[in-house]
Amino acid sequence: MEGLNDSVVSQFMLLGLSSSWETKVFLMLIFSLIYLGIILGNLFIFFLVIFDSHLHSPMYFFLANLSLIDVGLSSTTVPKMIKDLLNEYKIISFQSCMTQICFIHIMGGVEMVLLIAMAFDRYTAICKPLHYLNIMNPKICVSFVIAGWVTGVIHAMSQFAFIINLPFCGPNEVDSFYCDFPRIIKLACTDGDRFEFIIAANSGFMTMGTFFLLILSYIFILVTVWKRSSGDLSKAFVTLSAHITVVVLFFTPCMFLYVWPFPTSSIDKYLFIVDFAITPVLNPAIYTLRNKDIKVAIKRLSKHGYYVKFC
């Protein structure tokens, strides 16, 4: 990070979520419980898929990877947010801020590709069931995950390369609980219009493109099922409801911030609580409450534990 030498600003002050002490204590307790749920819920799904051979299928392979990414994405912001709630001065160093931005965009890029992979998996399972195992073979599944990480790194670094050398010589207050490109650009001692366009062209295009691709895929699946089942869409709705819920929750804050990257109010920081805290804690429940295979796997695990205990 040699480009940092010309910057006068060596740290940023995060303004956080609230100024009321009572609200801060309440939020700290709530987000501590949510983060605990994120860690326990997602890691439980991750290890359940690994150790239960009955769940060694493409859908659960992607679900395990999504759970791991959710833990990583929330861990980039939520622990510091909890810590800062009780601190009067919420300071983050320039290097830590840049690192946080990179990890947020890497994890976000991976998650977008994983959601595409899961949509493709559901399309193949519903629309081409006889060819499902041939199409969704282990090589394709691993390729999707690798493509996700490559996409995430390229997505983050392509923006980071423009931002890292910006001069920061004046204000250093960030009206949020985390660092991200749009608000950091506003603090640079230079005309930020060109860089805001880069953010909109990169993150905005990726967000909108992925969102509409997913929505079109779900519409295509519903139309295919409707034609094949004489108007009965119940099976498709049950299968896709979890996926559609996750997509809407994940992409709404992203579109709000990155498609129009000119934050003039603090509403975006509250929206991104959904991405960093709410969606990761809901994913285990969303993908398992209606999932028969996961329920059976949990029963097998509990029976095995009971058997081991009394043997």
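Trainee: What percentage of the 311 residues in the chain do buried residues make up?

Mentor: Good place to begin! This is a predicted model, and in it buried residues make up 49% of the 311 residues. The accessible surface of the chain comes to about 15,400 Å². Carbon and sulfur atoms account for 69% of that area.

Trainee: How many helices and strands are there in the chain?

Mentor: The chain has 11 helices and 3 strands. Reading along the sequence, you meet them in the order β-α-α-α-β-α-α-α-β-α-α-α-α-α. Contacts tell you how the chain comes back to itself. Take the contacts between residues at least 6 apart in sequence: 80% of them join residues at least 24 apart.

Trainee: Could you show me one such pair?

Mentor: Try I286, which sits in helix α10 (residues 267-288). I286 and V246 are 40 residues apart in sequence, while their C-alpha atoms are 7.9 Å apart in space. Leaving out residues up to four places away, I286 touches A242, T245, V246 and L249.

Trainee: Which residues of the largest nonpolar core touch the most other members?

Mentor: The general idea is that nonpolar side chains tend to be buried together in soluble globular proteins. In this model the largest nonpolar core has 91 residues, and F12, F31, F168, I184 and F251 touch the most other members. Helix α4 (residues 94-127) gives this core its largest share, 16 residues.

Trainee: Where do I find a nonpolar patch on the surface?

Mentor: Look at V142, I146, V150 and I154, which form one with about 350 Å² of accessible area together. V142 belongs to helix α6 (residues 138-163). With a relative accessible area of 40%, V142 is partly exposed. The numbers of the four patch residues have a rhythm that a general rule helps you read. An α-helix has 3.6 residues a turn, so residues three or four places apart point the same way.

Trainee: How many salt bridges does the count come to?

Mentor: The idea first: side chains of opposite charge can pair when their charged atoms come close. Here the count comes to 3 salt bridges. One of them joins the side chains of R300 and D52, at 3.0 Å from N to O. R300 lies in helix α11 (residues 292-309) and D52 in the loop between α1 and α2 (58-75), so this pair ties together parts that are 248 residues apart in sequence. R300 is partly exposed, at 29% relative accessibility, whereas D52 is buried, at 9%.

Trainee: And what about the others?

Mentor: D84 pairs with K80, and their closest N and O atoms are 3.1 Å apart. These two are 4 residues apart in helix α3 (residues 78-85), which means that about one helical turn separates them. D121 pairs with R122, with 2.7 Å between the closest N and O atoms. Both D121 and R122 are buried.

Trainee: Is D84 buried or exposed?

Mentor: D84 counts as buried because its relative accessibility is 5%, and buried means under 20%. Its helix shares that setting: α3 is mostly covered, with 6 of its 8 residues buried. Those residues are V78, K80, M81, I82, D84 and L85. Their cover includes β1 (11-14), α1, α2, β2 (91-93) and α10.

Trainee: How do I read a buried polar residue, such as N42?

Mentor: Check where it sits, then look for partners. N42 lies in helix α1 (residues 21-51) and counts as buried at 0% relative accessibility. Its side chain reaches the backbone oxygen of P280 at 2.9 Å. Not counting residues up to four places away in sequence, N42 touches G37, S67, D70, V71, P280 and P284.

Trainee: Which backbone oxygen lies 2.8 Å from a polar atom of the side chain of T124?

Mentor: That is the backbone oxygen of F120. T124 lies in helix α4 and is buried, at 1% relative accessibility. Aside from its neighbours within four places in sequence, T124 is in contact with P129, Y132, I135 and M136.

Trainee: Thanks! I will go through these residues in the structure above.

Key
Residues are numbered from 1 along each chain as its sequence is written. This is a predicted model: local features need pLDDT of at least 70, side-chain atom pairs count only at pLDDT 80 or more; totals for chains, interfaces and linings use all residues. Side-chain values use heavy atoms; hydrogens and water are left out. Patches are made of residues with over 30% relative accessible area and no salt bridge: like charges are joined within 9 Å, nonpolar side chains (Val, Leu, Ile, Met, Phe, Trp, Tyr) within 5 Å. Accessible areas come from the Shrake-Rupley method with a 1.4 Å probe; for residues, only the protein chains shown count as cover. Buried means under 20% relative accessible area, exposed over 50%, partly exposed in between (1.4 Å probe, protein chains only). A polar contact is a pair of N or O atoms within 3.5 Å; within protein, one must be able to donate a hydrogen and the other to accept it, and residues adjacent in sequence count only if both atoms are side-chain atoms. Contact means heavy atoms within 4.5 Å. A nonpolar core is a set of buried Ala, Val, Leu, Ile, Met, Phe, Trp, Tyr and Cys residues joined through side-chain atoms within 4.5 Å.
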